[in-house]
Amino acid sequence: MSEFRSRTFSRTALARLAVTTEAADASDRYRALAANGEHHDDEPGDLVNYAWRQAEQARGILRAAVIAERLAGTSWETIGENLGEISKQAAHERYGAAETVFRRAALMAWLAPERAYDQLGELADPDAALTHLNRFLYPPDPGIQFPPGPRQDAEPVPLPPGYPAMTDTERAGLIIEAANLLMGVGMYKNAGVTEHERRDAELGLARRKVELYEAIAAERPDDTEHADLLAGARARLATLEGDELATCRSSRKDRP
């Protein structure tokens, strides 16, 4: 099951996971490159091609690391200093667009978890990615025999310290960011949202508002302000779900 449908990783955790899982894959590839001397059937240029692919992957890891640092709150000035003493403006010009792309992808995955894979690829299932990473870091004892069939854990494995779960504060921030995406302001000023993405975002935003306000209402049952917000969010969600159902029925009728 996707993490977006059960526990929810913070975007900071997803960004860090992008770095660590890619680094694990790169390590395996470097091991294969190091063992290349044992092979004598390579075509001319193969060794250069292997090294070039590793260099390309390393650039991708660096880009992911910058994104992870940004989502963790690191300033462009600090990032620039650690990119070989370049200016914060140069660092932003080099990686700012990639940060925005990741933020948007993770936001849309949060709003529409059923389409999370389209936005984040393998990161749409962080549990599986963490399992793969743990197997790389802590290989199982080859002498241990597991029973046939899928293994079932009684409870989800606790999130490691470096991969924090999403907090209510971050949920509130993402709700504001989703509204900015729909209005085309802030970092999403020229984002260009398609009609399909807009429907997903509007419906997802309404659902996430209900989810957040319900959690707050459970903690603070006497908070009338959030009770009113919850009522409004539920009404908005009902309207959007009704519109979505009507659209689906209409499209079925139009089919030949």
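This is a short tour of a predicted model, one selection at a time.

**Start with the whole chain.** Show the protein chain as a cartoon. It has nine helices and zero strands. From the N terminus on, the order reads α-α-α-α-α-α-α-α-α. Now switch on the surface. The accessible surface is about 16,200 Å², and carbon and sulfur atoms hold 53% of that area. Of the 256 residues in the chain, 32% are buried. Next, think about contacts between residues with a separation of 6 or more. Residues 24 or more positions apart make 72% of these contacts.

**Select helix α8, residues 195-219**. Put a distance marker between its end C-alpha atoms. The gap is 36 Å. What should the 25 residues of α8 span at 1.5 Å a residue? The expected span is also 36 Å, so the model agrees with it.

Colour the buried residues of α8 next. They are E197, D200, A201, L203, G204, L205, A206, R208, V210, L212, Y213 and I216. Keep a general rule in mind as you look along the helix. An α-helix has 3.6 residues a turn, so residues three or four places apart point the same way.

**Add helix α4, residues 88-111**. Two packed helices are described by the angle between their axes and the distance between the axes. Here α4 and α8 pack at about 65°, and their axes are 8 Å apart. Show side chains at the contact. From α4, select R104, M108, W110 and L111. From α8, select E197, D200, A201, G204, L205 and R208. Colour this contact by class: five residues are nonpolar, one is polar and four are charged.

**Zoom in on E197.** This residue lies in α8 and is buried. Which residues does E197 touch, leaving aside neighbours within four places in sequence? They are R104, M108 and G192. Look at R104 more closely. The side chains of E197 and R104 are joined by a polar contact of 2.8 Å. Then turn to T194. The E197 side chain reaches the backbone nitrogen of T194 at 3.1 Å.

**Finish at L229.** Select helix α9, residues 224-254, and find L229 within it. Is L229 buried, partly exposed or exposed? Its relative accessibility is 36%, so L229 counts as partly exposed. The cut-offs explain this: buried means under 20%, and exposed means over 50%. Last, add Y213, one of the buried residues of α8. L229 and Y213 are 16 residues apart in sequence, and their C-alpha atoms are 7.0 Å apart in space.

Methods
Residues are numbered from 1 along each chain as its sequence is written. This is a predicted model: local features need pLDDT of at least 70, side-chain atom pairs count only at pLDDT 80 or more; totals for chains, interfaces and linings use all residues. Side-chain values use heavy atoms; hydrogens and water are left out. Axes are lines fitted to C-alpha atoms, for helices over the stretch in contact, and angles run from 0 to 180 degrees between N-to-C directions. Helices (H or I, at least four residues) and strands (E, at least two) are DSSP runs, numbered from the N terminus. Contact means heavy atoms within 4.5 Å. Ala, Val, Leu, Ile, Met, Phe, Trp, Tyr, Cys and Pro count as nonpolar, Asp, Glu, Lys and Arg as charged, and the others, Gly among them, as polar. Buried means under 20% relative accessible area, exposed over 50%, partly exposed in between (1.4 Å probe, protein chains only). Accessible areas come from the Shrake-Rupley method with a 1.4 Å probe; for residues, only the protein chains shown count as cover. The expected span of a helix is 1.5 Å times one less than its number of residues. A polar contact is a pair of N or O atoms within 3.5 Å; within protein, one must be able to donate a hydrogen and the other to accept it, and residues adjacent in sequence count only if both atoms are side-chain atoms.
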